[in-house]
Amino acid sequence: MAEVAASRPAAAQWTPAQPLVEVRGLRTWFPVRSGVVSRVVGHVHAVDGVDLTIHQGETLGLVGESGCGKSTLGRSILRLVEPMSGEVYFKGQELLRMKPGQMRRMRREMAIIFQDPFASLDPRQSVGAILAEALEIHHLAATAKAKKERVAELLNLVGLSPNFTARYPHEFSGGQRQRIGIARALAVNPSFIVCDEPISALDVSIQAQIINLLERLQEQFHLTYLFIAHDLSVVKHISDRIAVMYVGKVVEMSPARDLYKSPKHPYTGSLLSAIPIPDPVLEKKRERIIMTGDVASPVDPPSGCRFRTRCFKARPRCAETEPPLETVNLGVHQAACYFPLD
C-alpha cells in the first residue's frame with residue numbers, strides 16, 4: 001500500500017476530475033471475546049479488504065444482506081468506526097492518518113443520515129437545539145440571530161415549518177423525523193453524505209418522498225452520496241453506480257443501468273431475481289436464481305469465494321483462491337467471479 005499512498009495527490013492538487021472519496025484495502029474487524037477474562041477468540045470480518053471510488057456529484061448505491069458489513073463500511077469511511085488497516089482518501093487527503101484536530105475540521109465536509117430517525121435524535125432536545133448543536137460545534141453561526149436564521153433555513157430546505165423548532169422528536173412522524181435527520185446532516189454544509197439505509201424504517205408511501213428530497217438536495221447543493229440499502233429495487237432510481245457487498249467483500253460494481261440489465265455475479269443475479277416484476281405474464285415466465293444454504297459466517301469465512309457455499313455455479317477453483325474484483329465489460333463493470341453470469 002506504500003506505493004498507492006505515495007502516488008496520491010496532496011489536498012492542494014485535488015481536482016473534481018479525481019475521485020472525491022477513494023477507499024483502498026479497507027479492513028474493519030471486531031474482536032470476539034469469550035470467558036471470564038474476555039479473551040479474544042476470533043474476529044468478525046465486517047469489512048475485509050474493500051476498494052471503491054466515489055466521484056463528486058454522483059450517488060454510489062451500496063447493497064447487500066443484513067450483516068454483510070455495508071453500514072460498517074460507511075461509518076469506517078467517516079471514521080465513526082476506526083478501521084484496522086487500509087486507506088481512505090477524501091479530496092486527496094488520507095483520513096486514517098489524521099490527528100483528532102485535523103479530523104474535526106474535515107468533518108465539516110462529511111455527514112451521515114442514520115437508519116432510525118427516532119433513535120438518532122436526542123429525545124431530550126428540541127428540534128431547534130438538535131440543529132443548532134452542529135452549528136455551535138463547528139462555529140458556523142457567529143450570533144444567536146444567525147443561528148436561529150440558519151435553523152429556520154434548514155427546516156425549510158427539508159420541507160418542514162420553522163415553527164417546529166420548539167417541538168421534540170416524539171411529536172413528529174417517522175418521515176418528519178427523517179427530514180430532521182437530513183437537516184442535521186446539511187447543517188455543516190457537507191459535500192459528502194453517507195445515507196445509512198435512510199428509508200428502511202419508513203412506510204413505503206413515505207420512502208419515495210425522502211428519495212425525491214435527497215435527489216433535490218443533491219442537485220441544489222452538488223452533494224455526493226454513498227446510499228446504503230439492503231434492497232436493490234430501492235437504490236435503482238437514485239444511484240449512478242451500484243456496489244454489491246457480501247460478507248465483508250464488494251463482489252460487483254457497475255453503472256446502475258448495466259447492473260440491472262446484465263448482472264455478472266451470481267449473488268447479484270439472485271438478488272435481482274427476487275424483485276417482483278409488475279407483469280404477471282413476465283413474472284411467471286422468467287427464470288429465477290435461487291440461493292441455497294446459509295450465509296457464510298463473518299467470523300470464519302470460507303476459503304476462496306465467500307459466496308461459493310450458496311452458488312449454483314461454484315467449481316473447485318472457487319474454493320482454492322479468492323476471485324479478484326476484475327473488469328468484465330469495457331472497463332465499467334467489475335465482478336469478483338471466476339464464472340460470471342452470461
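How many residues lie between β4 and β5 in their hairpin, and which residue in the turn has a positive phi? Two residues separate the strands, and K91 in the turn carries the positive phi, about 55 degrees. You are looking at a predicted model, in which local features need pLDDT of at least 70 and side-chain atom pairs count only at pLDDT 80 or more, while totals for chains, interfaces and linings use all residues. Residues are numbered from 1 along each chain as its sequence is written, and side-chain values use heavy atoms, with hydrogens and water left out.

**Stop 1: the hairpin and its sheet**

Select K91 to begin. This residue sits in the loop between β4 (85–90) and β5 (93–94), and K91 is not a glycine despite its positive phi. For the element names, helices (H or I, at least four residues) and strands (E, at least two) are DSSP runs, numbered from the N terminus.

Now show β4 and β5 together. They run antiparallel and are joined by two bridges; strands are said to pair if DSSP finds at least two bridges between them. One bridge to look for links Y89 with E94 in β5.

Next, add strand β1 (residues 21–34). β1 pairs with β4 in the antiparallel sense, over five bridges. Click on V21 and you will find its bridge partner, F90, in β4.

With β2 (39–54) added, the whole open sheet is on screen: four strands in the order β2-β1-β4-β5, with antiparallel pairing. β2 and β5 stand at the edges, and each has a single partner strand, so one side of each is left without a neighbour in the sheet. Then select helix α2 (residues 70–77), which packs on this sheet and touches β1, β2 and β4. Its direction makes about 115 degrees with that of β1; axes here are lines fitted to C-alpha atoms, for helices over the stretch in contact, and angles run from 0 to 180 degrees between N-to-C directions.

**Stop 2: the nonpolar cores**

A nonpolar core is a set of buried Ala, Val, Leu, Ile, Met, Phe, Trp, Tyr and Cys residues joined through side-chain atoms within 4.5 Å. Buried means under 20% relative accessible area, exposed over 50%, and partly exposed in between (1.4 Å probe, protein chains only).

Select I182, I193, L232 and I242: these have the most contacts inside the largest core, which holds 58 residues. Helix α4 (residues 127–137) gives the most to this core, with six residues. A second, separate core has 31 residues, including W14, F90, L95 and M103. You met F90 a moment ago as the bridge partner of V21.

Which residues surround L232, leaving aside its neighbours within four places in sequence? L232 is in contact (heavy atoms within 4.5 Å) with V63, I242, L259, Y260, T268, L271, L272 and I275.

**Stop 3: helix α10 and H265**

Three of those contacts, T268, L271 and L272, are among the buried residues of α10, so select the helix (266–273) next. Eight of its eight residues are buried. What covers the buried residues of α10 includes α8 (232–235), β9 (241–246), β10 (249–255) and α9.

Now pick H265, in the loop between α9 (256–261) and α10. Is H265 buried or exposed? H265 is buried, with a relative accessible area of 1%. Its side chain reaches the backbone oxygen of A336 at 3.3 Å. This is a polar contact, meaning a pair of N or O atoms within 3.5 Å; within protein, one must be able to donate a hydrogen and the other to accept it, and residues adjacent in sequence count only if both atoms are side-chain atoms. Leaving aside neighbours within four places in sequence, H265 is in contact with V251, E252, F307, A335, A336, C337 and L341.

**Stop 4: exposed residues**

Select N189, in the loop between α6 (174–186) and β7 (192–196). N189 has a positive phi of about 55 degrees although it is not a glycine, and at 53% relative accessibility it counts as exposed.

Then move to P316 in helix α12 (residues 316–320). P316 is exposed, with a relative accessible area of 63%. Draw a distance from its C-alpha atom to that of G304, twelve residues apart along the chain, and you should read 9.6 Å.

**Stop 5: the cysteines**

How many disulfides are there? The count is zero, taking a disulfide as a pair of cysteine sulfur atoms within 2.5 Å. Select C68, which is buried at 4% relative accessibility. Its closest cysteine sulfur, in C305, is 14 Å away, too far for a bond. C195 is in no disulfide either, and its nearest cysteine sulfur, that of C68, is 16 Å away. C195 is buried too, at 0% relative accessibility.
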